[in-house]
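Work through the exercises below with the model open. Try each task before reading its solution.

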Amino acid sequence: MSAVTVRVGDDRLRRDSDYERGRTSLLFVDMQRIWCEPGLDPTHPQVADSYYHRRLRQTVIPNQVRILDAARQADCNVLHTVIESLTLDGRDRSLDHKLSSMHVPKGAPDGQVIPELAPIDNEIVLPKTSSGVFNSTNIDYVLRNLNTRYLIVAGVITDQCVDMAVRDAADRGYLVTVVADACATYSQERHDAALAAYAGYCWTTDTHTVVSRLHALRQA
């Protein structure tokens, strides 16, 4: 199937259109200690040598660091979404999170972004209490205020919170890039199935391609 091109004003847009300086944002989904360090997640116990943690350690986190460095050098807006209650007792959580016994208290050390991706000054951290960041935060308002058209998404879990971010962003008019080798879930089969399921909502590519495009913005 050939790529569909849409004319918007003077622009001809495709899902894989080149990024624009000042209109490109990077979103990391739930890259927190509780989900990324072995032995901390009470809902999905995973040992250090599990598929999930091997993929995070060997592939996903190193790729995310490369993307983050390139985005910062290109002066892109960087956003981090984290699962974290607004209260210590979690009474503000979604019903789904309550039924799933998913609760990261406000300010909990385990809820912090992993050190490799730690936010720096002026990077935005959005706490959420649902799978979909567009459902329980003001991210759409924030992205529009940042003049974002292109949204690069990486994180965990490929077939859960990443999935919802991608679909919801596409429905709201963002051109979404999913970095396939910068996302993870609990098996390769689940990862591949998720990417195939929401391929129509985004451009799916790899770290090398995204980093190259971000480097090109520095010359724009």
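Contact means heavy atoms within 4.5 Å. Keep that cut-off in mind for the packing steps. The coordinates come from a predicted model.

**Exercise 1. Packing around H6**

Task: Find which residues of helix H6 (residues 161-171) are buried, and state what they pack against.

Solution.
- Step 1. Apply the burial cut-off, under 20% relative accessible area. In H6, the buried residues are Cys-161, Val-162, Asp-163, Ala-165, Val-166, Asp-168 and Ala-169.
- Step 2. List their partners. The buried residues of H6 pack against five strands and a helix by name: S3 (24-29), S4 (77-83), S5 (124-128), S6 (150-156), S7 (175-184) and helix H4 (133-136).
- Step 3. Look just past the helix. Gly-173 has a positive phi of about 100° there.

**Exercise 2. The buried side of H8**

Task: Why do the buried residues of H8 lie on the same side of the helix?

Solution.
- Step 1. Pick out the buried residues of helix H8 (residues 207-217): Thr-207, Val-210, Val-211, Arg-213, Leu-214 and Leu-217.
- Step 2. Check their directions. They cover an arc of only 160° around the axis, so they sit on the same side of H8.
- Step 3. Recall the helix geometry. An α-helix has 3.6 residues a turn, so residues three or four places apart point the same way.
- Step 4. Find the cover. It includes S3, helix H2 (51-73), S6, S7 and strand S8 (203-205).

**Exercise 3. Leu-214 in the core**

Task: Which members of the largest nonpolar core touch the most other members, and what does Leu-214 contact?

Solution.
- Step 1. The largest nonpolar core has 67 residues. Met-31, Leu-56 and Leu-214 touch the most other members.
- Step 2. Set aside neighbours of Leu-214 within four places in sequence. Its contacts are then Tyr-19, Thr-24, Ile-67, Ala-70, Ala-71, Ala-74, Cys-76 and Ile-152.

**Exercise 4. Empty space**

Task: How many cavities of 30 Å³ or more does a search of the whole structure find, and what lines the second largest pocket?

Solution.
- Step 1. Start with the principle. Rolling a probe the size of a water molecule over the atoms shows where empty space is left.
- Step 2. Count. The search finds 1 cavity of 30 Å³ or more. The largest cavity holds about 60 Å³.
- Step 3. Read its lining of 13 residues. Closest to the centre are Trp-35, Asp-41, His-44, Gln-46 and His-53. Helix H1 (33-36) and H2 are the elements that give two or more residues to this lining.
- Step 4. Sort the cavity lining by class: 7 nonpolar, 4 polar and 2 charged residues.
- Step 5. Turn to the second largest pocket. Its volume is about 220 Å³. It is lined by 16 residues, with His-44, Ile-83, Met-102, Gln-160 and Cys-161 nearest its centre.
- Step 6. Sort the pocket lining by class: 7 nonpolar, 6 polar and 3 charged residues.

**Exercise 5. Backbone outliers**

Task: Where do Asp-30 and Asp-75 lie, and is each buried or exposed?

Solution.
- Step 1. Set the baseline. Most residues other than glycine have a negative phi, and most peptide bonds are trans.
- Step 2. Take Asp-30. Its phi is near 60°, a positive value. Asp-30 is in the loop between S3 and H1. Its relative accessible area is 2%, so it is buried.
- Step 3. Take Asp-75. Its phi is also near 60° and positive. Asp-75 is in the loop between H2 and S4. Its relative accessibility is 58%, so it counts as exposed.
- Step 4. Check the peptide bonds. The one from Val-156 to Ile-157 is cis, with omega near 0°. Ile-157 belongs to the loop between S6 and H6.

**Exercise 6. Val-78 and Lys-98**

Task: How many residues apart in sequence are Val-78 and Lys-98, and how many Å apart in space?

Solution.
- Step 1. Place both. Val-78 is in strand S4. Lys-98 is in helix H3 (residues 95-99).
- Step 2. Check exposure. Val-78 is buried at 3% relative accessibility. Lys-98 is partly exposed, with a relative accessible area of 37%.
- Step 3. Read the separation. They are 20 residues apart in sequence and 29 Å apart in space, C-alpha to C-alpha.
- Step 4. Try another pair. Lys-98 and Thr-129 are 31 residues apart in sequence and 9.5 Å apart in space, C-alpha to C-alpha.
- Step 5. List contacts, not counting residues up to four places away in sequence. Val-78 touches Leu-26, Phe-28, Leu-68, Ala-71, Glu-123 and Ile-124. Lys-98 touches Gly-90, Arg-91 and Arg-93.

Key. Residues numbered from 1 in each chain as written. Predicted model: local features only at pLDDT ≥ 70, side-chain atom pairs only at ≥ 80, totals over all residues. Heavy atoms only, no water. Core = buried A, V, L, I, M, F, W, Y, C linked by side-chain atoms within 4.5 Å. Buried < 20%, exposed > 50% of the residue type's maximum accessible area, 1.4 Å probe, protein only. 1 Å grid on protein atoms, 1.4 Å probe; cavity = no way out; pocket = protein on both sides within 12 Å on 5 of 7 lines; lining within 4 Å. Points joined across faces, edges and corners; volume = space filled by probe spheres on them. Nonpolar A, V, L, I, M, F, W, Y, C, P; charged D, E, K, R; others polar. Helix = DSSP H or I, 4+ residues; strand = E, 2+ residues; numbered from the N terminus. Arc of directions from axis to C-beta.
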